[in-house]
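Please work through the exercises below with the sequence and the model side by side. Each task is followed by a solution that goes step by step.

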Amino acid sequence: QSTAVLIIGAGPAGLVLGNLLLAAGVDCTVVERQSRAHVEQRARAGFLAAHTVRVLTEHGLADGLHMYGQQHDICAFRTDSGEFQLAYGALGRGEVHTVYPQQDLVRDLVAEFLARGGDLRFDTAALRIDGLDGDSASVTVRTPDGSERLLHARYVAGCDGQHGISRSAVPAGAVRHYRRDHGVSWLALLAAAPQSMAAVAYAVHQDGFAGHMARSPEVTRYYLQCDAGTDPGSWTHDRIWAELHHRMRADRHGPLREGGILERRVVDMRSDVLDPIQYGRLFLVGDAAGLISPSAAKGANLAVMESEILARGLADRLGGGDGQLLARYSADCLPRIWRAQEFSHWMINLLHGPSGDDDEAVFLRALQRARLESLRDSRRHQDHFAENYVGI
Ligand code: FAD
């Protein structure tokens, strides 16, 4: 069986790419190892950048997010010396976030892809990719009945995340792998409670960072910095809420609305970038191309940006173009990926200070304080922050 583009993975990257290719009249197949129910319930991102909303709107993929998404344009920083707010929608380029849970976006994208007649195969895992240097590639998949099957494609889009098989199909030495472990972990929580304030709140605290982010009218995401290797189950309901109240300084800034903890997982702040993000007939997109720590909420937004650039290149090439646009995919994406990485790294240093009383820790905490004060006091710094916070 043969298709023009075989897309591995039905996350935001694969589904946006698939929808854009169908709209451009390009034949494609998406294979996803999980079930439809699984991908439509997997809660992760929520903050969509203005560019993401523009791309989805232009391609008729944004009905759900315009109907149910909430606009967010304020963030607050809480420190020992009080709270300051940045109305970032009125700073920088004047752009705002749309908050729409990733699983809802995925559900919309699946529905649209199928409504456009797309070939989307759930419970179908890609096992091996061959022929990337030849005239056509082939991907061995395991079908829902457990048998193996060979799918042929002119191009393969690796949209299967950081742990997918696409990355490992690139021969060692063909790409440079940049990586960093930021040495910080977050307990990522979803609480069955409405947001406690109309802002994203970042609390910088000597006992560790805490964060508050809206997701939907009934669900709020919270983060608590924790030790690497923490068992999420070791945090009881009472301990979670006590720590959130303590680090968010609820006594000074108002109480948090409590609710049952729907999901808890530990996320290590790690980043990596592959360069280039193409090898032969394989193009890496989204988390497969590079992982970005969730400190600045950029991962899903980068995935959409890369999908749009790749869709244009593939449509041009498969529509008879000279292939130059497609050949530029990696060079077009990487500067934007690195800019997002830089901002995300800066956010990590803004939100976390080292513990301890040795000279280096004390020095770095003083720098962190200076960074926060500059953001509080300098309009130019705020404009720069806003542009990078919402931009991609
Ligand atoms: P994924 O969403 O990981 O999709 C990859 C798909 O490939 C999966 O469905 C997987 O099952 C499938 N797959 C894997 N291997 C195979 C295989 N062999 N065969 C077939 N299918 C396969 N980003 C933001 O922009 N804003 C946020 O607010 C934000 N918050 C986050 C909060 C948390 C707690 C976390 C963990 C992440 C957050 N992110 C955020 C990051 C964002 O969720 C990811 O960057 C995004 O999911 C990447 O999309 P993707 O399509 O590249 O990969």
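**Exercise 1.** Is Arg121 buried or exposed? Establish this for the predicted model, then describe the surroundings of the residue.

*Solution.* Begin with the secondary structure, where Arg121 is found in strand β8, which covers residues 119-121. The relative accessible area of Arg121 is 19%, and because the cut-off for a buried residue is under 20%, Arg121 counts as buried. Next, setting aside residues up to four places away in sequence, Arg121 touches Gln1, Thr29, Val30, Val31, Glu32 and Leu151. With Gln1 there is also a polar contact, in which the two side chains are joined at 3.3 Å.

**Exercise 2.** Which residues are closest to the ligand, and how many surround it? Characterise the shell by class and by secondary structure.

*Solution.* The shell around the ligand consists of 35 residues, and the closest are Glu32, Arg42, Gln102, Asp287 and Ala300. Sorted by class, this shell holds 14 nonpolar, 11 polar and 10 charged residues. For the individual polar pairs, consider the side chains before the backbone: an N or O atom in the side chain of Arg44 is 2.9 Å from an oxygen atom of the ligand, and for the side chain of Asp287 the corresponding distance to a ligand oxygen is 2.8 Å. In Ala300, by contrast, a backbone N or O atom is involved, and it lies 2.8 Å from an oxygen atom of the ligand. Taken on its own, the ligand has 1000 Å² of accessible area, of which the protein covers 94%. Two or more shell residues come from each of α1 (12-23), β9 (125-130), β15 (219-226) and α9 (299-318), and the largest share, 3 residues, belongs to α9.

**Exercise 3.** What span does helix α5 reach from its first C-alpha to its last, and which of its residues are buried?

*Solution.* Helix α5 comprises the 14 residues 102-115, and the distance from its first C-alpha to its last is 20 Å, close to the 20 Å expected at 1.5 Å a residue. Its buried residues are Gln102, Gln103, Asp104, Leu105, Val106, Asp108, Leu109, Val110 and Phe113. In reading such a list it helps to recall that an α-helix has 3.6 residues a turn, so residues three or four places apart point the same way. Just after α5 comes Gly117, which takes a positive phi of about 85 degrees.

**Exercise 4.** Where do Arg249, Ala297 and Pro276 lie, and what is notable about the backbone at each place?

*Solution.* As background, most residues other than glycine have a negative phi, and most peptide bonds are trans. Arg249, in the loop between α7 (237-247) and α8 (250-253), has a positive phi near 55 degrees; with a relative accessible area of 5%, Arg249 is buried. Ala297, in the loop between β19 (290-291) and α9, likewise has a positive phi near 55 degrees, but its relative accessibility is 35%, and Ala297 therefore counts as partly exposed. Finally, Pro276 lies in the loop between β16 (261-275) and β17 (278-279), and the peptide bond that leads from Asp275 to Pro276 is cis, with omega near 0 degrees.

**Exercise 5.** Which residues does His177 contact, leaving aside its neighbours within four places in sequence? Then carry out a similar analysis for Thr98.

*Solution.* His177 is found in strand β12, residues 176-191, and at 32% relative accessibility it counts as partly exposed. Beyond its neighbours within four places in sequence, His177 is in contact with Arg167, Asp272, Val273 and Leu274, and its side chain forms a polar contact of 2.9 Å with the side chain of Asp272. Thr98, for its part, is placed in strand β7, residues 97-99, and counts as buried at 6% relative accessibility. With the same neighbours in sequence left aside, the contacts of Thr98 are Gly46, Phe47, Leu48, Val53, Leu65, Gly69, Gln70 and Gln71.

**Exercise 6.** Is Phe363 buried or exposed?

*Solution.* Phe363 has its place in helix α12, residues 359-377. The relative accessibility of Phe363 is 54%, and it therefore counts as exposed. The C-alpha atom of Phe363 is separated by 9.8 Å from that of Gly353, 10 residues apart along the chain.

Terms used:
Residues are numbered from 1 along each chain as its sequence is written. This is a predicted model: local features need pLDDT of at least 70, side-chain atom pairs count only at pLDDT 80 or more; totals for chains, interfaces and linings use all residues. Side-chain values use heavy atoms; hydrogens and water are left out. Helices (H or I, at least four residues) and strands (E, at least two) are DSSP runs, numbered from the N terminus. Buried means under 20% relative accessible area, exposed over 50%, partly exposed in between (1.4 Å probe, protein chains only). Contact means heavy atoms within 4.5 Å. A residue is near a molecule or strand if one of its heavy atoms lies within 4 Å of it. A polar contact is a pair of N or O atoms within 3.5 Å; within protein, one must be able to donate a hydrogen and the other to accept it, and residues adjacent in sequence count only if both atoms are side-chain atoms. Accessible areas come from the Shrake-Rupley method with a 1.4 Å probe; for residues, only the protein chains shown count as cover. Ala, Val, Leu, Ile, Met, Phe, Trp, Tyr, Cys and Pro count as nonpolar, Asp, Glu, Lys and Arg as charged, and the others, Gly among them, as polar. The expected span of a helix is 1.5 Å times one less than its number of residues.
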